[in-house]
Amino acid sequence: MVEAISASFGHIFTLKVILMIIAGLFGGLLSGALPGLTATMAVALLVPFTFTMDPTEGLIVLGAIYMACIYGGSFSAILVNTPGTPSSIGTTFDGFPMAKKGEGERAILTATFSSAYGGIIGVFFLLFLSPPLASVALKFGPPEYFWMAVFGITIISSLASKNILKGFIGGAIGLLISTIGIAPIGGDVRFTAGFPQLQGGIELIVALIGFFCIPEALTMIANRMQKFHLTETKRQHGILLKTFKEVMKKQGNLLRSSILGTLVGILPGAGGSVANLVAYNEAIRVSKHPDDFGTGIPDGIIATEASNNAVVGGGMIPLVTLGIPGAPPDAVLYGVLLLHGLRPGPELFTTHSHVVYTFIMSLFVATILMIPVGVISGRLLHRTVVRLPIRFLAPIIFFLTIIGSYSIRNNVTDVYIMLTLGIIGYVLKRLDFHPGPITLGLILGPIGEMGFVQAILMGQILPNKWMIFFNRPLSWVLIIMSVLSLGWPFFMKRIAKHWKIKEMTIDES
Amino acid sequence: MKRCKVMMIVFLAALVGLTFTTAAIAKYPDKPVTYVICFNPGGESDITARIQQQPLEKVLGVPVVMVYKKGGGGAVGWSELMRTKPDGYTIYGTNIPHTIVQPMTRGNAGYETEKINNVYFFEFTPDILAVTTDSEIKTLQDFVEYAKKNPGVSVGGSGQPSANSLGCEAFGKVAGLKLTYISFTGSGAAVPALLGGHVKALMTYTSMAARYPDKIRALAIAADKRAKALPDVPTFKELGYEFVEGAYRGVAVPPGTPKEIRQTLEKAFEKVNYDAEVITKMEDLGFIMEYYGEDASRDLVSKLTGYYRQLLKELGLLKK
Amino acid sequence: MKADRIASVIFILIALVFWSRTGDLQYNGLIFPRLLIIFLILLSAVMFGQTFVTKETKKEGFVPKEFKYIITSIIVVFAWVSLLNIAGFIVSSVVMLTFFTVILDLQRPTFFRTISSLVIYALMVCTFWFIFHKFLLVPLPTGYLI
């Protein structure tokens, strides 16, 4: 392995390849920052350009695009409360409040360093721990996916800690919306009200743009503000180094979130969208000041951005070991490999080891180069958004949302759906329903339903078909995690009270 | 004299009009052609289209752009096909049995099978019955015995209704077995389920066996003859079960496309299908080359429509 | 609080509408939605009950100030989207963007400001069009004009 790694450096550190990586990073950043362009689409769009390159170089570019795209989603999340990709949903929770307080640049820099950290950890696992981790992924069957979805829903109790009831209602609404379309088992058409365009259901990105972006845009219009965020009163010198030190201090958060991201990425069917919210939840749970989350603290951004970039490396683990893509962009990469006659799987490491190792090492390089590329673009973007008057910013935001929702399926219907959901989202926002739980329901609905019904079918051969959910050890791990996650807020309050009483009695004596 | 003048003008106008239309058609194609895939990027429809992309660009002389319109198992894309401009610059990938089965089982799929104007069907992916390589089931006969002892054995596959699910039902009928079909979002999700032991067998496509030769053992292939990529796998017919099923992939144009454009596309795809590199890549991945031109495609569709209508009726899934 | 009350009733009604549409589905297709609907109805009922129990806290009303700007913006954007398939991407975007900006202007719109907005937007939209449509070949809405 060591010779292959050192040989790959020779391939990578040439001017041509470095330039290609940087070009890929800028492209990925742009598509990530634009809500509507997902990582999968960005990678798919650029596949034809790679036909003329040799397979290794093509993969390197696509890898750079992928990594930067997931990071770029944080830009729009922080600046206009719209996740640029589903992997950055959690970044809106703390990133946007920070921007509104005038700390947008600090937020972007935090996201940059966290993303790079997470990306490196993910690729590290890919390089050294692929085989054992991949076999864990296979153990996840339908019952486990169902319990994982349940666990995901219990996160709502932390996300919406101020009003758990409304959070769960939002989650239920999201879950219900996700059932629109074709039933995963049986193929029934559900809730389409006769519109054939709804057979595909509500696209996640369309809902994200609608629920997150439009309400904010409408609010800024309604408040007749002059500018969007509070501008920093003076240029802060040294903010780059200061933020770097700040982020690096939180090794616990960084490491935990990155590992969580890698693990979630390994599971085919769960990607960055799930990972960032799970990491956010865990960050709240172990934090000494959980109530600060959501008001605009860097810890939230660190958790979400580290985990979502770790998914990049994590998702490739089952791809290169078993030939099974861990996340949708990996499926496109898989296709590229097949087209070039390379079959992903264990043989790839032996027969084409130089391709694999060069690709993996290039991911390291791309992640590190992502930092300067991101800092420059992010700062530029931030200054633009902050300086632009609302009468320009709001229409431009609407313009970008229209392009974004159209480009998913080249369908004007999606744009109408996006706007309708936007109005509904605005109404719900005024009623104190946070969009986070709703989108969580939208993401987990298909995973949960599929797991649920598939498991019931699996259980047909058992005496009681419902036992299939309870007779597997991995399921129990997830069940316990869900119970803990659900009960944690109440549990913590009890413990806090207990310690307070103890302190008081000690003081008295 | 006046009448002569009028006649002259009418004749000239007709001549000019004719040259314009023939010129427009003769120039086809002169701008990029959009190839719409009604599924996810990275899926099998995407891969087969990508294999065709460069040779197609060479034959047509213009760039070919991939666009993805997924949703409803392809139905969202195909319903848009009905409303696309019939100028030959947008072609849609089509799949059987999806385009036949969806209008039959859904109240409103957004399109009718007969309205889809297929110009070419270029490949066939037969079903295979597969187990893991370390399974105790080594031959089809082993599986049949196992299934008889354990009725309701789980068989995974991609989609429902689909070539996998309908194939599973058809095989169950032919062999007199009770199989529980468990549908997954795609073959890419079904394979991990098999490898993880969550389902006992898979009714999947040959391309899966070609991709994971060391992990999947194909017991039999549901085609008329063996596949080049899997030469050791017997057909169901050889083993005594009259069972043929699989998915066809082709391309279609919107209704009302002029005949010349359809013929140009038909010839282009045929040429691409004889390209040596395309053939090698497709067969390596487990796809079987087919050469159905426009008329042959129409016959194929009507033949299969009758077959699926019967099958769906027996399963009680027919809505219209 | 009254808003919450109305909202919970609306949720229950929507849930019932969904329930009525599960009539002719197969078992596999209807279990999950039905369970969700029951869940939603229960939670909404709890929310409804809560509105009677908890005290009225003084908050800003549900209807925001400057409501007319919201309605206008919504109408403008919907008109914009409908225009896309008729007038094409570039024309409808430039026109509607300028119109939108003029409406939102905090000061009185002058001729100069309107024209300068038009020009900036024309440049911006054309750049976008070039990058996305011509270079990356991403399809954008087409109409009778560009």
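How far apart are the end C-alpha atoms of helix α20 of chain A, and what span should its 19 residues give? I started there. The model is predicted, and every value below is computed from it.

**Entry: helix α20 of chain A**

I took α20(A) as residues 412-430. At 1.5 Å a residue, the helix should span 27 Å. I found its end C-alpha atoms 28 Å apart, which agrees.

Next I listed its buried residues. They are A:D414, A:V415, A:I417, A:M418, A:L419, A:L421, A:G422, A:G425, A:Y426 and A:L428. I then looked up what these residues pack against. In chain A the partners are α11 (204-222), α19 (390-409) and α21 (435-458). Chain C adds α3 (67-87).

I also checked what follows the helix. A:D432 comes just after α20(A), in the loop between α20 and α21 of chain A. Its phi is near 75°, a positive value in a residue other than glycine. Most residues other than glycine have a negative phi. A:D432 has 16 C-beta neighbours inside 10 Å, so I logged the residue as partly exposed.

**Entry: where chain A meets chain C**

I counted the contact between the two chains. On the chain A side 41 residues take part, and they meet 47 residues of chain C. The elements of chain A that give two or more residues to this side are α10 (164-178), α11, α19, α20 and α21. The largest share, 10 residues, comes from α19(A). By class, I noted 30 nonpolar, 5 polar and 6 charged residues on the chain A side.

I then picked one proline of chain C. C:P33 sits in helix α2 (residues 27-53) of chain C. Is C:P33 buried or exposed? C:P33 has 25 other C-beta atoms within 10 Å, so it is buried. Leaving out residues up to four places away in sequence, C:P33 touches A:L176, A:T179 and A:R190 in chain A. In chain C it touches C:F18 and C:T22. I also took one distance: the C-alpha atoms of C:P33 and C:A79 are separated by 35 Å, and the two residues are 46 residues apart along the chain.

**Entry: two helix pairs in chain A**

Two packed helices are described by the angle between their axes and the distance between the axes. I looked up both values for each pair.

The first pair is α6 (residues 104-128) and α15 (residues 298-322) of chain A. Their axes come within 7 Å and cross at roughly 30°. Angles under 35 degrees count as roughly parallel, so α6(A) is roughly parallel to α15(A). The crossing is right-handed. I sorted the contact by class: 16 nonpolar, 11 polar and 1 charged residues.

The second pair is α3 (residues 39-50) and α16 (residues 328-339) of chain A. They pack at an angle of about 15°, with their axes 8 Å apart. I therefore put α3(A) and α16(A) down as roughly parallel to each other. α3(A) passes α16(A) in a right-handed crossing. From α3(A), the contact uses A:A39, A:T40, A:V43, A:A44, A:V47 and A:T50. From α16(A), it uses A:P328, A:P329, A:V332, A:L333 and A:V336. The classes are 9 nonpolar, 2 polar and no charged.

**Entry: A:N81**

I found a positive phi at A:N81, about 55°, although it is not a glycine. A:N81 lies in the loop between α4 (55-80) and α5 (89-100) of chain A. With 24 C-beta neighbours inside 10 Å, A:N81 counts as buried.

**Entry: chain B**

I counted 11 helices and 10 strands in chain B. Its C-alpha atoms fill a box of roughly 95 × 40 × 30 Å along the principal axes. Of its 320 residues, 53% count as buried. I also checked contacts between residues at least 6 apart in sequence: 76% of them join residues at least 24 apart.

Which peptide bonds to prolines did I log as cis here? One runs from B:I96 to B:P97, with omega near 10°. B:P97 lies in the loop between β3 (90-96) and α4 (98-105) of chain B. Another runs from B:Q160 to B:P161, with omega near -5°. B:P161 lies in the loop between β5 (153-158) and α6 (163-175) of chain B. Most peptide bonds are trans.

Last, I looked at B:Q54, in helix α2 (residues 44-60) of chain B. B:Q54 is partly exposed, with 18 other C-beta atoms within 10 Å.

Terms used
Residues numbered from 1 in each chain as written. Chains lettered and ligands numbered in written order. Predicted model: local features only at pLDDT ≥ 70, side-chain atom pairs only at ≥ 80, totals over all residues. Helix = DSSP H or I, 4+ residues; strand = E, 2+ residues; numbered from the N terminus. Expected span 1.5 Å × (residues − 1). Buried ≥ 20, exposed ≤ 12 C-beta atoms within 10 Å, placed from the backbone. Contact = placed C-beta atoms within 7 Å. Nonpolar A, V, L, I, M, F, W, Y, C, P; charged D, E, K, R; others polar. Axes fitted to C-alpha atoms, helices over the stretch in contact; angles between N-to-C directions. Parallel < 35°, antiparallel > 145°, perpendicular 65-115°, else oblique. Left-handed = near helix turned anticlockwise from the far one by under 90°.
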